[in-house]
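Please look over the sequence and the fold below before reading on. The paragraphs that follow move from one pair of strands to the wider chain and back to single residues.

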Amino acid sequence: MPSSLTVSDFDYTLPPELIAQTPAAQRGGSRLLHLDSAGALHDRQFPDLATLLRPGDLLVFNDTRVIKARLAGRKASGGKVEVLVERIVEPRRALAHVRASKSPGAGTVLHLAEAFGATVLGRAGELYDLQFPAPVLDLLDAHGATPLPPYISHAADATDESRYQTVYAREPGAVAAPTAGLHFDQAMLQRVDDLGVERAFVTLHVGAGTFQPVRVENLDDHIMHAEWYTVNQAVVDAIARARARGGRVVAVGTTSVRALESAAAQNPAGPQAPLAPTQGDTQLFITPGYQYRVIDALVTNFHLPQSTLLMLVSALAGIEPIRRAYAHAVAQRYRFFSYGDAMFIESPISTP
């Protein structure tokens, strides 16, 4: 990473009305801003992605499933609490964010959803270690709410339960959707198959930290939030096949990028060795200067100012091309963030 870069280099002005509060009427009904390998911008519609992919390419999706992680409740004193489960660590135990007027200490019972009590076991950094009376996933399915991002102003409803979830989600554990995947419907997936584009799936359970801006000016001082991921043998084999036939590895979403690049970084044979199956926590922080080892192109949404995800896409396309793309998107009234429009970024011929 160039030593002169600071968090201010990844700021931009976004009119609030461009933050999408609801999804497009239909999956795939969004716009697509194409940043090609020469740095040129093209205004397209999301279905046009099929014309930008090539037979032999590999699309890598994140198959994590968003859980109903948000619970409202109270303490025995009557004070209101809000719990956002971040990670399930045992069937009946989870790490969670807890909002309350006073931090609950160990032994405090939180009465949640007027249905059950969860006991505070202690703290794990900013998170609370909670013991539940039954399997956490079962309780969340029955009593929890879909954890919409903080910039979406309405409470989650039945539409959000469906649309804030990819059509291929299967591994429960995320508290935020891998939003680039929200644009794909079954018809688009079939169209990709018909083109001769292969599909593969990683899992990365997206945490609430994905919405947090970097709060230090010097990027070297930022501590990246941890997220659990797995890259299995099927993915490794699919990437090897794509390379052998001259196809590109196209990540669907920054979370797929983090999983793939984390697997490369953790390879005991060295980062330049062929990819190996990997799972565990990742705190990989991708900033300009990072040398991508696995991906060649990226389908993604528009990201928050000063966020780690904006830094990640800038590392792929170059800082100036991303600045131009975002300025163009604002001027052309694209819709931003989780329910917003998409980008297709091709690895540049040369990165400024």
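How many bridges join β7 to β10, and do the two strands run parallel or antiparallel? In this model, which is predicted rather than determined by experiment, four bridges join β7 to β10, and the two strands run antiparallel. One place to find this pairing is at alanine 94, whose bridge partner in β10 is leucine 130. Strand β10, residues 127-131, also pairs with β9, again in the antiparallel sense, over five bridges, and here alanine 124 stands opposite leucine 127 of β10. β9 and β10 form a hairpin with two residues between them, and in that turn glycine 125 has a positive phi of about 70 degrees. Strand β10 is mostly covered, since four of its five residues are buried.

Helix α2, residues 136-143, can be read next, with Val136, Leu139 and Leu140 as its buried residues. Seen down the axis of α2, these buried residues fall within an arc of 100 degrees, so they line one face of the helix. The general geometry of such a helix helps here: an α-helix has 3.6 residues a turn, so residues three or four places apart point the same way. On the other side of α2, Asp141 and Ala142 are exposed. The cover over the buried residues of α2 includes β5 (70-75), β6 (80-90), β7 (93-100) and β9 (116-124), and two of these, β7 and β9, are the strands that pair with β10.

From these elements we can turn to the nonpolar cores. The largest nonpolar core has 72 residues, and those with the most contacts inside it are Tyr164, Val231, Leu260, Leu275, Tyr292 and Phe336. Helix α7, residues 308-317, gives the most to this core, with seven residues. A second, separate core of 23 residues includes Val85, Phe116, Val120 and Leu139, and Leu139 is one of the buried residues of α2 already named.

Elsewhere in the chain, strand β14, residues 249-252, has Val249 and Ala251 pointing one way and Val250 and Val252 pointing the other way, and all are buried. This agrees with a general rule, for in a regular strand the side chains alternate between the two faces of the sheet. Strand β14 has a parallel pairing with strand β3 (residues 58-62) over three bridges, in which valine 250 is the bridge partner of leucine 59. A further parallel pairing, also over three bridges, joins β14 to strand β16, residues 297-301, and there valine 250 has alanine 297 as its bridge partner.

The loops hold details of their own. Leucine 148 is found in the loop between α2 and α3 (158-163), and at 7% relative accessibility it counts as buried. Leaving aside neighbours within four places in sequence, leucine 148 is in contact with Arg70, His154, Ala155, Ala156, Asp160, Tyr164 and Tyr339; among these, Tyr164 is also one of the residues with the most contacts inside the largest nonpolar core. Leucine 148 and alanine 96, by contrast, are 52 residues apart in sequence and 16 Å apart in space, C-alpha to C-alpha.

Two residues with positive phi lie in the loop between α8 (319-331) and β17 (342-346), namely arginine 333 and phenylalanine 337. For arginine 333 phi is near 65 degrees, and for phenylalanine 337 it is near 75 degrees. Such values are worth a second look, because most residues other than glycine have a negative phi. Their surroundings can be set side by side: arginine 333 is partly exposed, with a relative accessible area of 45%, whereas phenylalanine 337 is buried, with a relative accessible area of 5%.

Stepping back to the whole, the secondary structure of the protein chain comes to eight helices and 17 strands. The radius of gyration of the protein chain is 20 Å, close to the 20 Å that the globule rule gives for 352 residues, so the chain is as compact as a globular protein of that length. Along its principal axes the C-alpha trace spans about 60 × 45 × 45 Å, and 54% of the 352 residues count as buried. Among contacts between residues at least 6 apart in sequence, 74% join residues at least 24 apart. The protein chain exposes about 15000 Å², of which carbon and sulfur atoms supply 50%.

Definitions and conventions:
Residues numbered from 1 in each chain as written. Predicted model: local features only at pLDDT ≥ 70, side-chain atom pairs only at ≥ 80, totals over all residues. Heavy atoms only, no water. Buried < 20%, exposed > 50% of the residue type's maximum accessible area, 1.4 Å probe, protein only. Arc of directions from axis to C-beta. Contact = heavy atoms within 4.5 Å. Core = buried A, V, L, I, M, F, W, Y, C linked by side-chain atoms within 4.5 Å. Rg over C-alpha atoms; globule rule 2.2 N^0.38 Å. Areas by Shrake-Rupley, 256 points an atom, 1.4 Å probe, with all protein chains shown as cover. Pairing = 2+ DSSP bridges.
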